[in-house]
Amino acid sequence: RSVGHSHNAFFHERFVDELAHAAGRDPVAFRLALLEDAPRHRAVLRLAAQKAGWPGFGNDAPLAAGRARGVALHQSFGSVVAQVVEVSLGAGGVPRVHRVVCAADIGTVVNPAIVAQQMESAIVFALSAALFGRIDIEAGAVRQSTFADLPIVGLAAAPVVETHLVESTRPPAGVGEIGVPPLAPAVANALFVLTGKQVRELPLAVSS
């Protein structure tokens, strides 16, 4: 789902975050400085940061102990999406995503409720892929054959998802897959804040 955008967004947005860290800059402010000629992207990123309570964007919200935020931004299928995630580490170092704030510019919005549903399903799909989407070949055959071998994120582990839309008069653009690409890099960026370790591979390292 989201085809090449999924892995390309991961490596692009992970690298941007590493550049921000190397420069000693806030990840959101660093991106905004690079997007001076991209007003759609800036508006989406600002909206996500504000709604998520990212420090410095007018609605600073303290995080619960043991949590960290990560951010990612990507354009696909004519739409621009930013996501801010809140992540903690559970038993054995397993990442737990508690909240995802998703902002999008999809052009003219026909049905906001359907857009929100698409973002929610895309985020759960993306989180499942980011954490568990590994395929192993053993003796010439794929080992994973059922949900016992390739789990998905269930309701008990699903994050709260908030969807916010930028008002636009542009023609309607894609909605069905655009919520997937930013999720994995946003989670990995939060994991760096929590652990100090850069995550550069998918699926994300999850302890059993």
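**Reading the labels in this model**

Student: Why does Phe11 count as partly exposed?
Tutor: Phe11 has a relative accessibility of 46%. Buried means under 20% and exposed means over 50%, so a value in between is called partly exposed. Phe11 therefore counts as partly exposed. Do keep in mind that this is a predicted model.

Student: What makes Phe10 buried?
Tutor: Its relative accessibility is 0%. The cut-off for buried is under 20%, so Phe10 counts as buried.

Student: Why is the pair of Phe10 and Phe11 called edge-to-face?
Tutor: Two values decide it. The ring centres are 5.1 Å apart, and rings pair if their centres lie within 6.5 Å. The planes stand at 80°, and planes over 60 degrees apart count as edge-to-face. So the pair is edge-to-face.

Student: How many aromatic pairs does this rule give?
Tutor: The count comes to one aromatic pair.

Student: What makes Arg1 a charge over the ring of Phe125?
Tutor: Arg1 lies over the face of Phe125, at 5.9 Å from the ring centre. The distance limit is within 6 Å, and the charge must also be within 35 degrees of the ring normal.

Student: Arg1 and Phe125 make me curious about pockets. Which residues line the largest pocket?
Tutor: Both of those do, and the full lining is Arg1, Val3, Ser6, His7, Phe125, Ala126, Ala129, Ala130, Val180, Pro181, Ala184 and Leu202. Two elements, α1 (4-23) and α4 (112-132), give two or more residues to this lining. Helix α4 gives the most, with four residues. About 230 Å³ of space lies in this pocket.

Student: How do the lining residues divide by type?
Tutor: There are nine nonpolar, two polar and one charged.

Student: What sets Ser2 and Val3 apart in their backbone angles?
Tutor: Most residues other than glycine have a negative phi. Ser2 has a positive phi of about 80°, and Val3 has a positive phi of about 40°. Ser2 lies in the segment before α1, as does Val3.

Student: Are Ser2 and Val3 buried or exposed, and why?
Tutor: Ser2 has 0% relative accessibility, so Ser2 counts as buried. Val3 has a relative accessible area of 57%, and exposed means over 50%, so Val3 is exposed.

Student: Why is the peptide bond between Leu202 and Pro203 called cis?
Tutor: Look at omega, which is about -5° for this bond. Most peptide bonds are trans. Pro203 sits in the segment after α5 (183-195).

Student: Why is Glu18 called buried?
Tutor: Its relative accessibility is 17%. The limit is under 20%, so Glu18 counts as buried. Glu18 is found in helix α1. Not counting residues up to four places away in sequence, Glu18 touches Gln198 and Arg200.

Student: Where is Val161, and what does Val161 contact?
Tutor: Val161 is in strand β6 (residues 160-165). Leaving aside neighbours within four places in sequence, Val161 is in contact with Val100, Glu120 and Ile123. Contact here means heavy atoms within 4.5 Å.

Student: What makes Val161 buried?
Tutor: Val161 has a relative accessible area of 17%. That value is set against the limit of under 20%, so Val161 is buried.

Definitions and conventions. Residues are numbered from 1 along each chain as its sequence is written. This is a predicted model: local features need pLDDT of at least 70, side-chain atom pairs count only at pLDDT 80 or more; totals for chains, interfaces and linings use all residues. Side-chain values use heavy atoms; hydrogens and water are left out. On a 1 Å grid over the protein atoms alone, a cavity is a set of points where a 1.4 Å probe fits but cannot get out, and a pocket is an open set with protein on both sides within 12 Å along at least five of seven lines; lining residues have an atom within 4 Å of a point. Grid points are joined across faces, edges and corners, and a volume is the space filled by probe spheres set on the points. Ala, Val, Leu, Ile, Met, Phe, Trp, Tyr, Cys and Pro count as nonpolar, Asp, Glu, Lys and Arg as charged, and the others, Gly among them, as polar. Buried means under 20% relative accessible area, exposed over 50%, partly exposed in between (1.4 Å probe, protein chains only). Rings of Phe, Tyr and Trp (its six-membered ring) pair if their centres lie within 6.5 Å; planes under 30 degrees apart count as stacked, over 60 as edge-to-face and the rest as tilted.
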